Structures are given as structure tokens and as C-alpha cells.
Amino acid sequence: MPDEIPNVYIVERLFSSSLVVVVSHAKPQQMNVYHFKKGTEICNYSYSSNILSIRLNRQRLVVCLEESIYIHNIKDMKLLKTILDTPPNTTGLCALSINHANSYLAYPGSATSGEITLYDGNTLKTACTIPAHDGPLAALAFNSTGSKLASASEKGTVIRVFSIPGGQKLYEFRRGMKRYVNISSLVFSMDSQFLCASSNTETVHIFKLEHLTDSRPEEPPTWSGYMGKMFQAATNYLPAQVSGMMNQDRAFATVRLNISGQRNICALSTIQKLPRLLVTTSDGHLYIYNLDPQDGGECVLIKKHRQKQEGHLGQSRESPNFQEFNQKHHFCKADWGSRTLWSSPGSSPAPKTGYSEDGGALRGEVIPEHEFATGPVCLDDENEFPPQLAVSRGKDIDFAVEVS
């Protein structure tokens, strides 16, 4: 089966479960849903144009096309809602909260301005619109609970964080002023205390989400303190654009990569009870940095890893314990490669398909072993739940896909 899907360009996995969604260049209008441990296809859907992105949580699966969005119920993969005539979205920009209790979906509400449309994936209604930026949007990201939404425009100079579902602006961070950049990654830490932004430049910025309160002790009178208060008071008389720029927070911590111009993806994680920044680049490198949660500053590189061309991970140059780190955080050999995702060909009979039109999407049903025929799809994974939700909620009996 994997040999029949060359040139895969979208792979989305339901947390650490066996459910994987794949889109290939050979069939860019078709989404295939697999149980990769069994090597079987669960179902597939075809759409009217190329699939640009896919997002999923334990409740919803969202397929984003350039001018429409399809929302499926992940329990049985039925199409619940089709949002037609969305503003042109050539990059497939959208974000879905991983907390299925409030499956909020965010996507551009305009092709010319930075308006965000917030859609409730549970009630299937628009929650609100947020005038986030002057220019078109470039990045969107929810925090782990779906209570905050971060955004950046194509300029990439200002990053804003809004409350969800109300849409009130909570934070405003300035990434830089000298040049416009393309934001390639925007991600919260699991505890929502930090927000990381990376771009096509060599600098990764980490912002701290905290507000100074008026209850802090009064500082002893000094000349610098006096001038600081005078400067702060003066901003009230300046134009709103200028005073707003002066009140924007700067980065709490930074990382300076030894490359620029390459696409990269970042993640903030806790490893052995210590905060870490992970940066993976398009040339196959994985960098792990230490993050000082108290003082911030320049992050220190502690490990570097390179992926070999044939798709197998090489050894860590900085530490012999990198394999243990990989196992702990669910990194595996060519984790998203077709060679290791599915069983060998012939392990199960090729599915026959039948098609029926459903709201503009064509569904191909797996016959005869369609796992949705008698109820929700059952996976073999029981430890699927994300760490932050497993700790706060325990076992989630509402999840219809049994995972491990």
C-alpha cells in the first residue's frame, strides 16, 4: 500500500495513535486515512481542488482547500460541515485547537487584511472575527487548552495573542523592526507560559506570556526610574501607532541559528523536568537548546542531530543518550516515512472502494473491513492522550477513537 502513494506531501497523525492522514502529489485532491500499524486503509475522501492542509484532534478532522474548508467527525469520518467561499487561502493557513472540548478553528477572514475568523467546530457556528493585523495573515497557533490564539502577519514584525473565544488582545510582542520576515513556525509551550516564533532568518524568538501587576513593591527613587516613568507617561500623548510600538514586549529569550533562509519548525518541550527548545530544519538537522525560564537570554545549544539522506536517523554528535531521548518523546526512524509507517505489502487485501457524493466531497469506503460500519474506529493505542490533557483530566471517556 505505501508503494502506491509516492511523493507524499501531507502527513498528519492523531497524536501518538495509529491513525494517520496522508495526501500525495499523485492524488493531491484525495485524503487517505490509514491505520498504519495494521497497514489498512480506513477510508478516503476526494475534493474539488487540491488539499493544502489538514488538521485534526480527537473530535474533528479539518481539510483546508484554497477557497473552502471541510469539517469531518473523526468518530466516523462523516462530513459535518462545508464552509464555502472562504477568502483565497493559497497556503492553506488554519489552526485547530488540540483540546477537543472546544474544537475551535481559526482561518483567514480576508485575503487583504489580517482578519481572523474563529469557528466553533463543535457547534458548527462562527464564534467571532478578530481584526488581528493590518496585513494578510501568515501564521496562526492555539495553545494547548484552546483558550489563547497567537497570530502573525506577512510582515512578521508583530505577534499578537488573543483570548478565545472572546477575541480580546492579551499580548503584543515585537519580533523586529529592521526587516520583514516570513514566519514559518509559531507555537506555545504546553503550559502556555512561552510562545516561540521562527522565520526565514537566523534568529528564533521566545516570548514570555506574563503581565506586570501594579502590586509590585515601590522601587527606591532613582534618576533612571524617574526618567522611565516620565517616558511611560509621555507615550499617552503620542500617536497611537507610536505609543503602541513602545509598549510592545520584546523577546524573553533568543536562539541564533548558524543558517538562514531555510524553513524550520520549532517546539517547546519539557525534557527531564527542564524546558527545552527543539528546532528542526529543512536540511535534516534537529537542534536542542536549553531555555532558562527565569532569566531567558541567549539559549544554549546542548544537542545536535542530523537525519541521513536514506531516511534513518544518525547518532547525536553531542550526547550518546539521544536515542533514549528519541524513545521518550516518540521520535522513531523516519517517523513519517512510508517505509516504516505501514506493514509490508500483502499484509492485508487491497480495499475495494465505492463512492458517494456528500456535500462536495467524494467518499471512498473500505469494503468489506470498513471499521466504521459497527461504530467508531478502534485503534490499538491506549496512550494517545497528549501529556497536558492526560495530567489534568485523566482518562478521557469521551474520546471515540480508542488509542494507546
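The legends below describe close-up views of a predicted model.

**Figure 1. Overview of the chain in the predicted model.**
The chain contains 5 helices and 27 strands. Of its 404 residues, 49% are buried. Among contacts with a separation of 6 or more, 44% are between residues 24 or more positions apart. The accessible surface is about 20600 Å². Carbon and sulfur atoms contribute 50% of that surface.

**Figure 2. The open sheet of strands E9, E10, E11 and E12.**
This sheet has 4 strands in the order E9-E10-E11-E12, and their pairing is antiparallel. Strand E9 (95-96) and strand E12 (125-133) form the edges, each pairing on one side only. Strands of a sheet are held in register through backbone hydrogen bonds, in a parallel or an antiparallel arrangement. E9 pairs with strand E10 (residues 104-108) in the antiparallel sense, over 2 bridges. Within this pairing, Ala95 lies opposite Ala106 of E10.

**Figure 3. Cysteine residues Cys94, Cys64 and Cys128.**
The count of disulfides is 0. A disulfide is a covalent bond between the sulfur atoms of two cysteines. For Cys94, the closest cysteine sulfur belongs to Cys64, at 4.5 Å. A disulfide requires sulfur atoms within 2.5 Å, and the separation of Cys94 and Cys64 is therefore too far for a bond. Cys94 has a relative accessible area of 3% and is buried. Cys128 has a relative accessibility of 15%; because buried means under 20%, Cys128 also counts as buried.

**Figure 4. The aromatic cluster of Tyr45, Tyr47 and Tyr70.**
The whole structure contains 6 aromatic pairs. In one of them, Tyr45 and Tyr47, the ring centres are 6.3 Å apart and the planes meet at 25°. Planes under 30 degrees apart count as stacked, so the pair of Tyr45 and Tyr47 is described as stacked. Tyr45 and Tyr47 are both buried. Together with Tyr70, these two residues make up one aromatic cluster.

**Figure 5. Strand E18 and its two faces.**
Strand E18 covers residues 194-199, and 6 of its 6 residues are buried. Phe194, Cys196 and Ser198 point one way from the strand. Leu195, Ala197 and Ser199 point the other way. Residues on both sides of E18 are buried.

**Figure 6. Strand E18 between its partners E17 and E19.**
Strand E17 (residues 183-188) pairs with E18 in the antiparallel sense over 5 bridges. Phe188 stands opposite Leu195 of E18. The hairpin of E17 and E18 has 5 residues between the strands, and Ser192 in this hairpin has a positive phi near 65°. E18 also pairs with strand E19 (residues 203-208), again in the antiparallel sense, over 4 bridges. Ile206 in E19 is the bridge partner of Cys196. The hairpin that joins E18 to E19 runs through 3 residues.

**Figure 7. The cis peptide bond between Ile164 and Pro165.**
Most residues other than glycine have a negative phi, and most peptide bonds are trans. The bond joining Ile164 and Pro165 is cis, with omega about 15°. Pro165 lies in the loop between strand E15 (158-163) and strand E16 (169-174).

**Figure 8. The loop residue Phe15, with a positive phi.**
Phe15 has a phi near 50°, which is positive in a residue other than glycine. The loop that holds Phe15 lies between strand E1 (8-13) and strand E2 (19-24). Phe15 has a relative accessible area of 23% and is partly exposed.

**Figure 9. The loop residue Asp85, with a positive phi.**
Asp85 is not a glycine, but its phi is positive at about 55°. Asp85 is placed in the loop between strand E8 (78-84) and E9. Its relative accessible area is 70%. Exposed means over 50%, so Asp85 is classed as exposed.

Key: Residues are numbered from 1 along each chain as its sequence is written. This is a predicted model: local features need pLDDT of at least 70, side-chain atom pairs count only at pLDDT 80 or more; totals for chains, interfaces and linings use all residues. Side-chain values use heavy atoms; hydrogens and water are left out. Two strands pair if DSSP finds at least two bridges between them. Buried means under 20% relative accessible area, exposed over 50%, partly exposed in between (1.4 Å probe, protein chains only). Contact means heavy atoms within 4.5 Å. Accessible areas come from the Shrake-Rupley method with a 1.4 Å probe; for residues, only the protein chains shown count as cover. Rings of Phe, Tyr and Trp (its six-membered ring) pair if their centres lie within 6.5 Å; planes under 30 degrees apart count as stacked, over 60 as edge-to-face and the rest as tilted.
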